[in-house]
Structure formats: C-alpha cells, structure tokens
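Colleague: I should be grateful for a close look at one part of this model, namely a single strand and its surroundings. Please describe the strand residue by residue where possible, and then the loop that leads into it.

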Amino acid sequence: DIAIIGFDNMPFCTYLEPALTTVHVPKQYMGEMAVQRLIQIIDSKESFPIKLEVATSIIKRKSV
C-alpha cells in the first residue's frame with residue numbers, strides 16, 4: 001500500500017482521482033506577517049532576527 005499527500009492545497013487536488021490529501025499553508029497570512037515585519041525593521045533603528053511560526057492544517061481527502 002502507498003499513500004500520497006500534497007503540499008499547499010492547490011485547487012487541482014480535488015480533481016485528481018482519488019482526491020489528494022494535502023497540507024494547507026496560509027500564504028496570504030504569511031505575506032501579511034512578512035510585510036509587518038519588514039515595516040518594523042524599516043521603522044526601527046536596530047533590528048534583530050525573530051522566529052515566526054505559522055500553523056498549517058491537513059485537508060483529508062481520499063488519498064490516505
């Protein structure tokens with residue numbers, strides 16, 4: 001037996017047979033966080049690295 005999982009929840013995942021289980025990544029939210037961080041760096045006299053984590057979720061379909 002074999003199971004395949006996709007990444008990024010692309011729209012075509014639902015059209016495959018069987019429909020592909022995938023990991024959903026909130027790309028728009030990640031972009032918003034990146035812009036906010038860039039603004040903080042521009043407005044600050046000094047900057048330092050920070051770690052931001054973004055939650056993902058699994059969209060279960062029929063490929064697992």
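Modeller: The account below begins with confidence, then turns to the strand, its neighbours and the preceding loop.

The model is predicted. Its chain has a mean pLDDT of 90, and 100% of the residues reach 70 or more. Within the chain, confidence is lowest in strand S1, residues 5-7, where the mean is 88, and it is highest in helix H1, residues 27-43, at 95.

The strand in question is S2, which comprises residues 21-24. S2 is joined to S1 by three bridges, and these two strands run parallel. S2 also pairs with strand S3, residues 57-59, again over three bridges but in the antiparallel sense. Valine 23 of S2 illustrates both pairings: phenylalanine 7 stands opposite valine 23, and in S3 the bridge partner of valine 23 is isoleucine 58.

Threonine 21 also belongs to S2. Is threonine 21 buried or exposed? Its relative accessible area is 1%, and because the limit for a buried residue is under 20%, threonine 21 counts as buried. Leaving aside residues up to four places away in sequence, threonine 21 touches Ile4, Ile5 and Gly6, and also the run Ile58, Ile59, Lys60, Arg61, Lys62, Ser63 and Val64. With one of these residues there is a polar contact: the side chain of threonine 21 reaches the backbone nitrogen of arginine 61 at 2.9 Å.

The loop between S1 and S2 contains aspartate 8, asparagine 9 and proline 18. In general, most residues other than glycine have a negative phi, and most peptide bonds are trans. Aspartate 8 has a positive phi of about 95 degrees although it is not a glycine. Asparagine 9, likewise not a glycine, has a positive phi of about 50 degrees. The relative accessibility of asparagine 9 is 22%, so this residue counts as partly exposed. Further along the loop, the peptide bond from glutamate 17 to proline 18 is cis, with omega near 0 degrees.

One further point concerns aromatic rings elsewhere in the chain. Arginine 37 lies over the face of phenylalanine 48, at 5.6 Å from the ring centre. The count of aromatic pairs, by contrast, comes to zero, taking ring centres within 6.5 Å as the criterion.

To return to the strand requested, S2 has S1 as a parallel partner and S3 as an antiparallel one, and its residue threonine 21 is buried.

How values were computed:
Residues are numbered from 1 along each chain as its sequence is written. This is a predicted model: local features need pLDDT of at least 70, side-chain atom pairs count only at pLDDT 80 or more; totals for chains, interfaces and linings use all residues. Side-chain values use heavy atoms; hydrogens and water are left out. Rings of Phe, Tyr and Trp (its six-membered ring) pair if their centres lie within 6.5 Å; planes under 30 degrees apart count as stacked, over 60 as edge-to-face and the rest as tilted. A charge sits over a ring if NZ of Lys or CZ of Arg is within 6 Å of the ring centre and within 35 degrees of the ring normal. Helices (H or I, at least four residues) and strands (E, at least two) are DSSP runs, numbered from the N terminus. Buried means under 20% relative accessible area, exposed over 50%, partly exposed in between (1.4 Å probe, protein chains only). A polar contact is a pair of N or O atoms within 3.5 Å; within protein, one must be able to donate a hydrogen and the other to accept it, and residues adjacent in sequence count only if both atoms are side-chain atoms. Contact means heavy atoms within 4.5 Å. pLDDT is the predictor's confidence in each residue, from 0 to 100. Two strands pair if DSSP finds at least two bridges between them.
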